[in-house]
Amino acid sequence: MPEDWDGVYKRLFRDFPREALRILCDIDATGAEVTPAPTEFTMKLRADGVFQVRPPDGAPFVVHVEVQRSPADDFELRLVRHWLAITTEHGEPPRQVVILPLGGPYTGQYEAGGLTLTYDVLDVTTLDQTVLRGSPLAPLALGSRASPTLVDAVVAQIAAVTDDPDARATLVDLAMLGADDLLAALITDSIRRNDMSDVLERTAEGRALLARGEARGEARGYTAGEAAGLRVLLVEKFGESADLDALSQGLAAEGFAAGLRRIQGATSLADVLA
């Protein structure tokens with residue numbers, strides 16, 4: 001499934017602007033009015049996010065956010081062009097923040113000739129897990145860790161922070177970014193057990209699961225990702241052995257949650273088969 005990293009982060013700033021500014025940009029916007037500003041400029045540029053922040057006490061300022069999943073040769077030059085366009089548009093230079101979901105090579109300073117541009121850099125992989133898990137941005141605490149306990153905690157946090165299904169869908173898509181089959185299956189199962197199946201249908205991963213099921217004409221009630229996830233858990237707990245494909249598919253057909261609990265409570269493959 002194509003992963004829309006830029007799009008999901010844009011929705012995150014749309015749905016949780018103050019929390020995103022605080023955790024991802026180190027900007028305290030408590031009590032501030034945060035207004036999205038135009039992101040398309042006459043220089044044929046489109047920024048990932050531009051925000052006007054008006055604190056209750058203090059002067060207003062402009063924030064420009066760019067999400068960069070992987071290195072690009074012209075990225076910092078584009079930052080310079082954005083800086084010029086936003087400064088021209090608003091009459092003041094923006095505070096620029098580059099968010100790196102997977103880390104990256106950018107240092108926060110670009111020099112060319114006599115020009116020097118300084119900007120903030122946030123490596124998402126270095127964020128404090130405790131801070132994340134106590135905020136709406138809890139899905140970022142998952143990374144690629146397929147821990148059932150952590151997944152359940154994150155999904156419970158998603159359910160607790162908002163009852164807006166679209167905002168919940170944003171957080172679920174954030175959790176799914178970069179997820180392998182096992183992690184995606186764990187998240188999907190936890191969402192269902194938290195009575196948020198309607199939210200799953202609003203997410204990119206949920207729509208992809210439905211599309212894959214319809215394309216295959218599956219009437220078995222499980223996805224290939226769920227069966228693969230249960231197989232990984234079986235191998236991790238009991239080691240590789242014959243017929244694990246059939247066993248994992250049989251467990252998935254009974255229900256992913258039931259299969260997961262059976263594996264977790266078993267001390268041997270015989271227990272799983274019992």
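1. In this predicted model, three elements, α1 (5-15), β4 (49-54) and β5 (61-67), each contribute at least two residues to the lining of the largest cavity. Helix α1 supplies the largest share of that lining, with four residues. The full set of residues lining the largest cavity is D6, Y9, K10, F13, D48, G49, F51, V65 and V67, and by class this lining holds five nonpolar residues, one polar residue and three charged residues.

2. The volume of the largest cavity is about 50 Å³, and the count of cavities of 30 Å³ or more comes to one.

3. Helix α1 also packs against another helix, α6, and the two meet at an angle of about 140° with their axes 9 Å apart. Since angles over 145 degrees would count as roughly antiparallel and those from 65 to 115 degrees as roughly perpendicular, α1 and α6 are therefore described as oblique to each other. The crossing of these two helices, α1 and α6, is left-handed.

4. On the α1 side of this contact stand V8, Y9, R11, L12, R14 and D15, and they meet D166, A167, A169, T170, L171, D173 and L174 in α6. Sorted by class, the contact of α1 with α6 comprises seven nonpolar residues, one polar residue and five charged residues. A reader following single side chains may wish to look at Y9, which is listed in the lining of the largest cavity and is also among the α1 residues that meet α6.

5. The largest pocket, to be kept apart from the cavity described above, has a volume of about 360 Å³. It is lined by 20 residues, of which P101, L102, L140, G143 and S144 are the closest to the centre of the pocket. The elements giving two or more residues to this lining are α1, α4 (129-133) and α6 (165-176), and the lining as a whole divides into 14 nonpolar residues, five polar residues and one charged residue. Helix α1 thus appears both among the elements that line the largest pocket and among those that line the largest cavity.

6. Further along the chain, helix α7 (residues 181-193) packs with α10 at an angle of about 110°, the axes of the two helices being 8 Å apart. Helices α7 and α10 are therefore roughly perpendicular to each other. From α7, the residues D181, L182, A185, T188 and R192 take part in the contact, and from α10 the residues G225, E226, A228, G229, V232 and L233. By class, the contact of α7 with α10 has five nonpolar, three polar and three charged residues.

7. Helix α10 (residues 224-238) has a second helix partner to consider, α11 (residues 244-254): the axes of these two helices come within 8 Å and cross at roughly 125°, which makes α10 oblique to α11. The crossing in which α10 passes α11 is right-handed.

8. In the contact between these two helices, E226, A227, L230, R231, L234 and V235 of α10 meet L244, D245, L247, S248, Q249, L251 and A252 of α11. The residues of the contact of α10 with α11 comprise eight nonpolar, two polar and three charged. Residue E226 is worth checking in the model, as it is listed in the contact of α10 with α11 and also in the contact of α10 with α7.

Conventions: Residues numbered from 1 in each chain as written. Predicted model: local features only at pLDDT ≥ 70, side-chain atom pairs only at ≥ 80, totals over all residues. Heavy atoms only, no water. Axes fitted to C-alpha atoms, helices over the stretch in contact; angles between N-to-C directions. Parallel < 35°, antiparallel > 145°, perpendicular 65-115°, else oblique. Left-handed = near helix turned anticlockwise from the far one by under 90°. Contact = heavy atoms within 4.5 Å. Nonpolar A, V, L, I, M, F, W, Y, C, P; charged D, E, K, R; others polar. 1 Å grid on protein atoms, 1.4 Å probe; cavity = no way out; pocket = protein on both sides within 12 Å on 5 of 7 lines; lining within 4 Å. Points joined across faces, edges and corners; volume = space filled by probe spheres on them.
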